[in-house]
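The following note is intended for a first-year student who is reading this structure closely. Please keep the sequence and the model in view while working through the numbered points.

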Amino acid sequence: MKKKLVAILSASMVLGLTACGNAAPTAETTVEEGTTTEAAPAENTETAGASETEPGTLTYSSVTLGEDFTDLNTTITLFNHRTDMDSDDYGGVTWKEYLEEFNKMYPGITVDLTTDTNYADDAKTHLQSGDYETVMMIPAVDKADLSSYFMPYGSVEEMSTQINYATEWAYDGVCYGVPSTATAQGIVYNKKVFADAGITELPKTPTEFIEALKKIKENTDAIPLYTNYAAGWTMGAWDAYIGSNATGDPTYINQKLAHTKDPFRDYGDETHAYAVYKILYDAVAEGLTEDDYTTTDWEGCKGMLNNGEIGCMVLGSWAYPQMEAAGEHAADIGYMPFPITVNGKQYAVSGPDYSFGINVNASEEEKQAAMVFVKWMTEKSGFSYNEDGLPIVAGSTETKLAFDGVEFLQDEPALMGEEDNLNLLNADSELNVNNAGDKKIQLIIEHASKGDMSFDDIMASWNEAWSDAQEVNGIEVNQ
């Protein structure tokens with residue numbers, strides 16, 4: 001992958017600031033010809049109750065980069081998960097390069113950087129300690145707790161004119177998170193391995209995908225599907241596919257799932273959650289994954305995929321540039337839609353990766369420095385484009401990612417008054433769907449490998465746990 005310097009990209013990345021005033025962004029933002037990203041409508045729970053910001057309050061939209069706080073002298077801390085960007089060997093733009101560019105505009109602001117390979121867990125520990133960094137990537141916390149940890153960027157109504165995905169980390173009409181980049185949900189794969197295996201068309205259904213994995217096993221020396229079991233957090237990626245990808249319905253995951261009776265049942269047409277998780281179970285049961293799932297290596301697998309030792313991995317598109325940068329075969333890396341087709345059409349959910357949150361307990365100067373840093377990362381750095389992400393700046397169409405013939409959908413937020421339903425069901429069922437639910441996915445691999453529990457029995461136990469949680473919380477169930 002050819003390395004792109006931030007300074008070169010800066011100008012092109014702010015082309016899309018067309019939304020202004022209080023107007024909501026357009027319902028559809030074109031990404032590439034034939035693919036679209038649909039924005040959630042304004043009439044939802046996250047925008048309800050939004051109030052005007054008090055004059056003089058520090059907000060995202062109140063800051064003009066290059067004009068405000070340019071004489072500020074302070075130090076802020078940044079805690080994040082991108083350990084690969086710490087290395088000079090990283091094939092993309094490193095943290096060092098980003099910070100050098102930032103300091104050209106804000107020379108008095110020092111950003112002390114800490115990265116962590118176990119970020120998902122350690123970030124929550126930092127928050128719970130009460131002593132945490134000025135800026136951090138928001139981990140899996142209840143939205144009702146956002147205001148206890150992070151300062152507001154502004155109302156959702158206001159922020160929707162500035163960024164895409166303003167509702168992702170919002171509560172009671174207030175936005176607390178600005179996405180670092182946005183991703184699509186598909187599968188990263190080695191194009192040469194697929195070609196050598198004799199796969200001439202990308203699979204579009206679970207059945208076709210398993211057949212493709214069998215061809216890789218039969219015709220190459222590559223591991224067909226690498227599970228990344230040992231890393232733990234990587235297992236949670238599977239949950240991301242059970243919404244729009246598997247149903248074609250952007251309201252499913254946040255509005256319908258909580259009310260669905262037996263959501264993990266077999267729908268009979270290779271769609272919905274059952275079909276997503278069954279791909280993993282069948283791949284393991286049929287010997288189409290690594291020999292010993294307990295010895296998988298997250299950092300090592302990047303080079304293995306780049307070198308053709310792995311056929312594919314189920315990860316968000318955020319992983320695509322990391323695999324390109326992991327060796328000398330960037331051209332062999334591809335990203336394909338998740339193999340589920342709904343009524344003849346494939347969908348890919350688009351949504352934000354980790355979002356920047358600013359410590360609500362930071363000093364006023366630190367908050368000012370943090371605000372300009374987050375805004376600079378969003379509008380000037382080129383970060384999202386560099387990482388093969390979908391655009392964050394409202395109205396921008398700058399992206400390298402496109403799925404031919406696949407429709408991008410953005411999951412719509414919960415309905416008013418139901419924003420806590422999914423959290424309640426996750427907690428009581430202990431399934432933690434889309435909430436660091438890696439343990440249950442690891443159990444699928446364990447049972448499939450041992451053969452001690454059928455897939456249907458696993459799904460039946462999940463349905464029972466979900467139903468019990470619905471009853472405990474008094475949530476209306478739709479047949």
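1. In what order do the 3 strands of the open sheet lie? The model is a predicted one, and in it the order is β6-β8-β7, with antiparallel pairing. The edge strands are β6, residues 154-155, and β7, residues 170-171, and each of them pairs on one side only.

2. The pairing of β6 with β8 deserves a separate remark. Strand β8 covers residues 174-175, and its antiparallel pairing with β6 rests on 2 bridges. Gly-154 stands opposite Cys-175 of β8.

3. Attention may now turn to charged side chains. Side chains of opposite charge can pair when their charged atoms come close. Across the whole structure, 13 salt bridges are found; three are described below, followed by a network.

4. Glu-101 and Lys-104 form a salt bridge with an N to O distance of 2.9 Å. Both belong to helix α2, residues 95-105, and because they are 3 residues apart there, about one helical turn separates them. Which of the two partners is buried and which is exposed? Glu-101 is buried, since its relative accessible area of 18% is under the 20% limit. Lys-104, at 63% relative accessibility, is exposed, the limit here being over 50%.

5. A salt bridge also joins the side chains of Glu-286 and Lys-214, at 3.2 Å from N to O. This pair links distant parts of the chain, 72 residues apart: Glu-286 is in the loop between α10 and α11, whereas Lys-214 is in helix α7, residues 206-219. Glu-286 is partly exposed at 38% relative accessibility, and Lys-214 is partly exposed at 26%.

6. Asp-438 forms a salt bridge with Lys-439, and their closest N and O atoms are 3.3 Å apart. Asp-438 is buried, with 10% relative accessibility, while Lys-439 is exposed, with a relative accessible area of 58%. Elsewhere, Arg-82, Asp-84 and Glu-387 are joined into one network by salt bridges that share partners.

7. Which residues form the negative surface patch? They are Glu-201, Glu-208, Asp-266, Asp-269, Glu-270, Asp-456 and Asp-457. Glu-270 lies in the loop between α9, residues 252-256, and α10, residues 272-285. Its relative accessible area is 31%, so Glu-270 is partly exposed. That value also meets the patch requirement of over 30% relative accessible area.

Terms used. Residues numbered from 1 in each chain as written. Predicted model: local features only at pLDDT ≥ 70, side-chain atom pairs only at ≥ 80, totals over all residues. Heavy atoms only, no water. Pairing = 2+ DSSP bridges. Helix = DSSP H or I, 4+ residues; strand = E, 2+ residues; numbered from the N terminus. Patch = residues over 30% accessible without salt bridge, like charges linked within 9 Å, V, L, I, M, F, W, Y side chains within 5 Å. Areas by Shrake-Rupley, 256 points an atom, 1.4 Å probe, with all protein chains shown as cover. Salt bridge = Lys/Arg side-chain N within 4 Å of Asp/Glu carboxyl O. Lys, Arg positive; Asp, Glu negative; His and termini not counted. Charge placed at Lys NZ, Arg CZ, Asp CG, Glu CD. Buried < 20%, exposed > 50% of the residue type's maximum accessible area, 1.4 Å probe, protein only.
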